[in-house]
Amino acid sequence: MNKTAAVINDLSGFGKCSLCAAIGVLSVMGVSPCALPTAILTNQTGYQNHYSFDFSGNMPKYIEMWKKNNASFDAVYSGYVANKEQVDFIGEFIDEFRKPSTLVLVDPVMADNGRLYSAYGKDTCEKIKELAKKADIITPNLTELCILADEDYELVTSNSNSPDYFQQIGKIASSVVGDSSLKIAVTGIKTDKFIYNGLFERGNAEFFKSNIYGTSFSGTGDIFASIVCGGLLNGLSASQSVQKATAFLEEVIADTVKEPYTSNYGVNYEKFLHKLHISKE
Ligand code: PXL
């Protein structure tokens, strides 16, 4: 039987992100996603016009009904929240459904390119910092890592071409790990020449290089986190999973920029999804 992942994230009509990305990626990797929406949006919030239906009022029913139905998950994977109370809810959900073998992946969605997303305030970020401590692995972008570590993103990235940049980011990641066993997969570490994803695990740092294509795209963080989740549930190491996600996104982005594109619409990943297929035969 397929492994199952409870995916707590929003459902956006446009943006190729969140639940849309997670459902496609996990399914092709042989993992059954069980969707718990945090909000239903016409499109992700980067678009100038969007409408968000906050799903908070319905979320407790999921814990109640899923428990009554004896639901059980191999992973709990959370992402975008519509308000700070939902962060408490996710913590509760993890407490209710976590078994010793459960993978808890928290994607601490908050911000990108140095800017908070429009639905996020400081108090939500403070709660997400606490939620991250419950995870086995988190998948922040560099902006989110800086928020988790109380570091100034502008200051950190102003050092991006110095020889000690990667060491500096390693130290920032270590400050978030503290003496826990948390793993951190960080996306979007940019230098003049390349963009890297990093993996920080048990005091080790590894970096995975990609070419730069000039723009960031909606949904790539969600595709990344979903591949890492699927990889880990398929028995890949964190390093193998991050490598797989990095290589996949590099190919997808290289293809996306061959045609007219918009950052808000997201990437041409659908035609590449088959490459993530993991056969269980
Ligand atoms: O991919 C991050 C994300 C997820 N969900 C919504 C968003 C964003 C980023 O803007 O707006 C609704």
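**Entry 1: H8 and H9**

I started with the helix pair at the end of my list: H8 crosses H9 in a right-handed sense. Note to self: this is a predicted model. I looked up the geometry next, and the axes of H8 and H9 (residues 238-256) come within 8 Å, crossing at roughly 145°.

Then I listed who touches whom. From H8 I have Thr220, Ile223, Phe224, Ile227, Val228, Gly231 and Leu232. On the H9 side, the partners are Ala238, Ser241, Val242, Lys244, Ala245, Thr246, Phe248, Leu249 and Ile253. Sorted by class, the H8–H9 contact comes out as eleven nonpolar, four polar and one charged residues.

**Entry 2: H8 and H1**

I turned to H1 (residues 18-28) and H8 (residues 220-233), whose axes come within 9 Å and cross at roughly 35°. I noted a right-handed crossing here.

H1 brings Ser18, Ala21, Ala22, Val25 and Leu26 to the contact. H8 answers with Asp222, Ile223, Ser226, Ile227, Cys229 and Gly230. By class I get seven nonpolar, three polar and one charged residues for H1 with H8. I had already written down Ile223 and Ile227 in the contact with H9, and here they are again facing H1.

**Entry 3: the ligand**

Which residues are around the ligand? I pulled up Asp10, Ser12, Cys17, Ser18, Leu41, Gln44, Thr45, Tyr80, Tyr117 and Asp222. I sorted this shell into four nonpolar, four polar and two charged residues.

Ser18 and Asp222 caught my eye, as I had them in the H1–H8 contact and now find them around the ligand too. I checked their distances. The side chain of Ser18 has an N or O atom 3.1 Å from a ligand nitrogen. For Asp222, a polar side-chain atom sits 2.7 Å from a ligand oxygen. I also looked at Gln44, where a polar side-chain atom is 3.4 Å from an oxygen of the ligand.

Last lookup: on its own the ligand has 320 Å² of accessible area, and the protein covers 93% of that.

Key. Residues are numbered from 1 along each chain as its sequence is written. This is a predicted model: local features need pLDDT of at least 70, side-chain atom pairs count only at pLDDT 80 or more; totals for chains, interfaces and linings use all residues. Side-chain values use heavy atoms; hydrogens and water are left out. A residue is near a molecule or strand if one of its heavy atoms lies within 4 Å of it. A polar contact is a pair of N or O atoms within 3.5 Å; within protein, one must be able to donate a hydrogen and the other to accept it, and residues adjacent in sequence count only if both atoms are side-chain atoms. Accessible areas come from the Shrake-Rupley method with a 1.4 Å probe; for residues, only the protein chains shown count as cover. Ala, Val, Leu, Ile, Met, Phe, Trp, Tyr, Cys and Pro count as nonpolar, Asp, Glu, Lys and Arg as charged, and the others, Gly among them, as polar. Axes are lines fitted to C-alpha atoms, for helices over the stretch in contact, and angles run from 0 to 180 degrees between N-to-C directions. Helices (H or I, at least four residues) and strands (E, at least two) are DSSP runs, numbered from the N terminus. A crossing is left-handed if the near helix is turned anticlockwise from the far one by less than a right angle, and right-handed if clockwise. Contact means heavy atoms within 4.5 Å.
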